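Visitor: Please show me the chain. I have some questions ready.
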Amino acid sequence: MAMTKKDFMKLQNGSDIRGIACEGIEGEHTNLTPRAAYLIGQAFAIWLMEKKGIEGKDCIIGVGTDSRITGPQLKKQLIQGILSQNVYVADCGMASTPAMFMSIIYPETRYDGSVMITASHLPFNRNGFKFFDADGGLEKADITRILEIAAERDASVSDEEINSTVVKNPALVCEFDLISLYSANLCMKICDGVQAEEHDQPLKGLKIVVDAGNGAGGFFASQVLEPLGADITGSAFLDPDGSFPNHVPNPENKEAMKAICDAVVKNHGDLGLIFDTDVDRMSAVLADGTPLNRDSIIAMISAILAPDYPGSTIITDSVTSDRLTDFLEKELGLKHLCYMRGYKNVINKCKELNAAGEISPLAMETSGHGCLKENYYLDDGAFLAVKLVIAVAKAARAGHTIDRLIEKLSLQYAAREVRFKINAEDFKSYGSQILTAFEERAKAAGYEMPKSYEGVRIRFSGVCTGWMLLRASLHDPVMVLNLEGQTQQDLDLITGIAQTLVEGFDKLDISTL
């Protein structure tokens, strides 16, 4: 069935493409169809050749999938669309999002572009595409253009062409085991980083528990940790299963984090690692079962990097805590730039600062997305895990644990997030009015207001200790209020202050506060 431009544009999700790829959840109907995949593959090939100024015979695109049940069919159609432009394709099979970017970098591959078929942590019925070229992940404007090209070509492509079982230009397709190459490179980084006497077994004596959530991350246990001597007893859900039968593969999910915390304690692990479906995010667990997520994972990676990057800037999203700011600046001697939400935002800010001469080794969201300057600004959960594993191995050799790296990060806090619905037709304009009034009221009250790149932030000390941030959702008629106090009493006081700052707007539902 033909698709309109509007149909294609509904698939855009910022700098990615995402949609409903199969039936199975009531009220959700397929819009990421085989036809859409074919035309998007065709459009990406056209876009890439235009950008690079090359022809199909000089162009090769890598394609990989995570464990989602709709991955094989979408990959088939996407590849068919690419082949229709006489472009070479490397079918990389089960892969990870970071590995697909690295396929552009590795001398063994050096693809002109790559596509990862994934919808990250979303439910089993969702899927999508992440695109890369030599400049990294594509930007929002690039995705818009690809979808425009797909829409323009829709009328010229028949259903027979879409549904053909005959592979176009089969000689242009090859298979490549990318995840093994990627794993080998991670192994080398661990060996070089640990510098153990047994160079080929630098993790001998360590027990590291991995939870892949039945996504694509099981390779990290079997192809990275175990070959280097680590005991992976207690690791779970390593086999790919796109129905996600055990828990959502998402480090932000409470059930998922409880599973890895329990597994580390039960199996007396030295470290626990948990990945999302396509392995661009991770969180970790200390030996005593303490989760390293949100502020604490950022603090840990920063502490590992601090000796090599003294005085540098760590970039985070807007909802990180003042506790993290104090730790980074007062304990590690670093600078903290509390920027905007959205992993592309923090990554691009990191690139911008470094290009301007201000060293920023890390940009990381509380969601677990984190990019390192030393790793092509790639949000790579496995690479962050490598940095942790090296730190654990070095600490063990010195007779201690990595806990001490963040022992001065305050873990005493009470927090909540409240969402207020905006009952106005022009919710963006109304939300802007609320933020203006909120800021004016806070200034009039004399509250401390740190620079904020997103919404209005207030910091409290004295009568109560903590902070709050009010921001507008980018796409929904919602205002989001994050509140945190050092104690529950602090949180209660800050909640009361918030009440006075947001009251009086007739189209803002603050009943949830």
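Visitor: How far apart are the mean positions of the positive and negative charges of the chain?
Guide: This is a predicted model. The chain carries 50 positive and 70 negative charges. Their mean positions are separated by 3 Å.

Visitor: How many helices and strands does the secondary structure of the chain hold?
Guide: Both kinds of element are present in the chain. The totals are 15 helices and 22 strands.

Visitor: What radius of gyration does the chain have, against the globule rule?
Guide: For 513 residues the globule rule gives 24 Å. The chain comes close to that, so it is as compact as a globular protein of that length. Its radius of gyration is 24 Å.

Visitor: What box do the C-alpha atoms of the chain fill?
Guide: The box is taken along the principal axes. Its sides are roughly 70 × 65 × 45 Å.

Visitor: What share of the residues in the chain is buried?
Guide: A residue counts as buried under 20% relative accessible area. The share is taken over the 513 residues in the chain. Buried residues make up 56%.

Visitor: What share of the contacts with a separation of 6 or more comes from residues 24 or more positions apart?
Guide: The count starts from contacts in the chain with a separation of 6 or more. Those between residues 24 or more positions apart account for 70%.

Visitor: Is phenylalanine 44 buried or exposed?
Guide: Phenylalanine 44 sits in helix α2. Its relative accessibility is 0%. The cut-off for burial is under 20%. Phenylalanine 44 therefore counts as buried.

Visitor: Which kind of aromatic pair do phenylalanine 44 and tryptophan 47 form?
Guide: The structure holds ten aromatic pairs. In this one, the ring centres are 6.1 Å apart and the planes meet at 20°. Planes under 30 degrees apart count as stacked. So the pair of phenylalanine 44 and tryptophan 47 is stacked.

Visitor: Why are phenylalanine 44 and tryptophan 47 about one helical turn apart?
Guide: Both residues are buried. Both belong to helix α2, residues 34–52. The separation of about one helical turn arises because they are three residues apart in helix α2.

Visitor: Which residues do ring pairs link into a cluster with Phe44?
Guide: Beyond residues up to four places away in sequence, phenylalanine 44 touches several others, including Ile61, Val115, Phe131 and Leu138. Ring pairs join Phe44 to a cluster with Trp47, Phe129 and Phe131.

Visitor: How far apart in space are phenylalanine 44 and aspartate 403?
Guide: In sequence, 359 residues separate them. In space, C-alpha to C-alpha, the distance is 46 Å.

Methods: Residues numbered from 1 in each chain as written. Predicted model: local features only at pLDDT ≥ 70, side-chain atom pairs only at ≥ 80, totals over all residues. Heavy atoms only, no water. Helix = DSSP H or I, 4+ residues; strand = E, 2+ residues; numbered from the N terminus. Rg over C-alpha atoms; globule rule 2.2 N^0.38 Å. Buried < 20%, exposed > 50% of the residue type's maximum accessible area, 1.4 Å probe, protein only. Contact = heavy atoms within 4.5 Å. Lys, Arg positive; Asp, Glu negative; His and termini not counted. Charge placed at Lys NZ, Arg CZ, Asp CG, Glu CD. Phe/Tyr/Trp six-rings, centres within 6.5 Å; stacked < 30°, edge-to-face > 60°.
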